[in-house]
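Here are my notes on the model, set out as numbered points that can be checked one at a time against the coordinates. Please read them with the structure open.

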Amino acid sequence: MTQPIFLIGPRGCGKTTVGLELARLCQSDFVDTDHWLQTHAGQSIAEIVEQEGWESFRARETATLEAVAAGAGIIATGGGIILSAYNRQFMREKGIVIYLCAPVPVLVERLEASPEEGQRPTLTGKPISEEVSAVLAERDALYREAAHHVVDASLPPAKVVQNIVTALHLACAS
Ligand SMILES: Nc1ncnc2c1ncn2[C@@H]1O[C@H](COP(=O)(O)OP(=O)(O)O)[C@@H](O)[C@H]1O
Ligand SMILES: O=C(O)C1=C[C@@H](OP(=O)(O)O)[C@@H](O)[C@H](O)C1
Ligand SMILES: [Mg+2]
């Protein structure tokens, strides 16, 4: 692997889970932009958003993306990374971008089981089921615009990983 692989998609599609497993299989480095950002800030995303607002978080997210993309590993991004045209173009030019695509009911079920509110403060103030539907309707076209490949993320993690390995012709164990 000579360039980074960016995993994009909505909250709950499995970017962090699949990214970790893919990195393990391919013996690659793994970075999660949300984890990196929170560790370096010494604050959770919920705290940053509460104290400084979403715009400040988005600026930090872009700085994080630039910082972590120097290597050639697997990069799990946050669900809103594609809101910035700069980020979309940066990822496309710098590496391979994969959209983990899953339908609303699957995302809602996962997020209700594992809300991780410190990392996922509300985006709309609506209940999860309404929020996921509204946000995906706004962002699906942006995920597709940014992506080189779209994979079905409703499958079990190991299967999603395998489909990425196949789509990218990666020389990893299977
Ligand atoms: N392919 C999958 N099948 C079943 N559950 C999954 C899958 N991918 C992720 N999950 C679960 O969904 C939740 C959110 O996953 P996560 O990797 O944090 O998503 P993201 O980083 O895209 O927001 C976690 O509880 C995780 O275990
Ligand atoms: O969809 C979003 O706008 C966000 C998704 C979160 O990441 P995950 O997609 O890993 O949950 C995190 O970056 C932040 O709460 C914003
Ligand atoms: Mg994540």
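**Notes on the predicted model**

1. E116 is partly exposed, because its relative accessible area is 40%. This is a predicted model, and the backbone at E116 deserves a look, since its phi is near 45°, a positive value in a residue other than glycine. E116 sits in the loop that runs between α6 (104–113) and α7. As background, most residues other than glycine have a negative phi.

2. A second residue with this feature is H169, which has a positive phi of about 55° although it is not a glycine. H169 belongs to the segment after α8, and with a relative accessible area of 70% it is exposed.

3. The sheet is open and is formed by 5 strands in the order β2-β3-β1-β4-β5, with parallel pairing. The strands at the edges are β2 (30–32) and β5 (149–152), and each has a single partner strand, so that one side of each is left without a neighbour in the sheet. On average, and with direction ignored, neighbouring strands of this sheet are turned by 25° against each other. In general, strands of a sheet pair through backbone hydrogen bonds, either parallel or antiparallel.

4. The register of the pairs can be followed from the β2 edge. Strand β2 is joined by 3 bridges to β3 (residues 74–76), and these two run parallel; here F30 stands opposite I74 in β3. Between β1 and β4, which also run parallel, there are 4 bridges, and L7 is found opposite I98 in β4. A further 4 bridges join β4 to β5, again in parallel, and the bridge partner of Y99 in β5 is V150.

5. How much of β4 is buried? The count is 6 of the 6 residues, so β4 is largely enclosed by the rest of the structure. The cover extends to both faces of this strand, with I96, I98 and L100 buried on one side and V97, Y99 and C101 buried on the other. Two of these residues return from the preceding point, namely I98, which has L7 opposite it, and Y99, which has V150 as its bridge partner.

6. Helix α7 (residues 128–146) lies across three strands, β1 (5–8), β4 (96–101) and β5, and runs at about 150° to β4. One residue to inspect in helix α7 is V135, which is buried, its relative accessible area being 12%. Leaving aside neighbours within four places in sequence, V135 is in contact with L123 and T124. V135 and R11 are separated by 124 residues in sequence, while their C-alpha atoms are 9.7 Å apart in space.

7. H35, in helix α2 (residues 33–41), has an intermediate accessibility: at 36% it counts as partly exposed. When residues up to four places away in sequence are not counted, H35 touches T16 and Q119. Its C-alpha lies 16 Å from that of P10, a residue 25 places away in sequence.

8. Helix α1 (residues 15–26) packs with helix α8 (residues 157–168) at an angle of about 60°, and their axes are 9 Å apart. That angle makes α1 oblique to α8, and the crossing of the two helices is right-handed. The contact is made by T17, V18, E21, L22, L25 and C26 of α1 together with P157, A158, V160, V161, I164 and V165 of α8. By class, this contact of α1 with α8 has 10 nonpolar, 1 polar and 1 charged residues.

9. Which way do α4 and α5 lie with respect to each other, roughly parallel or oblique? Helix α4 (residues 54–68) and helix α5 (residues 85–94) pack at an angle of about 10°, with axes 11 Å apart, and they are therefore roughly parallel to each other. T62, L65 and E66 of α4 make the contact with Y86, N87, F90 and M91 of α5. The residues of this contact of α4 with α5 divide into 4 nonpolar, 2 polar and 1 charged.

Terms used:
Residues are numbered from 1 along each chain as its sequence is written. Chains are lettered from A and ligands numbered from 1 in the order in which they are written. This is a predicted model: local features need pLDDT of at least 70, side-chain atom pairs count only at pLDDT 80 or more; totals for chains, interfaces and linings use all residues. Side-chain values use heavy atoms; hydrogens and water are left out. Axes are lines fitted to C-alpha atoms, for helices over the stretch in contact, and angles run from 0 to 180 degrees between N-to-C directions. Angles under 35 degrees count as roughly parallel, over 145 as roughly antiparallel, 65 to 115 as roughly perpendicular and the rest as oblique. A crossing is left-handed if the near helix is turned anticlockwise from the far one by less than a right angle, and right-handed if clockwise. Contact means heavy atoms within 4.5 Å. Ala, Val, Leu, Ile, Met, Phe, Trp, Tyr, Cys and Pro count as nonpolar, Asp, Glu, Lys and Arg as charged, and the others, Gly among them, as polar. Two strands pair if DSSP finds at least two bridges between them. Buried means under 20% relative accessible area, exposed over 50%, partly exposed in between (1.4 Å probe, protein chains only).
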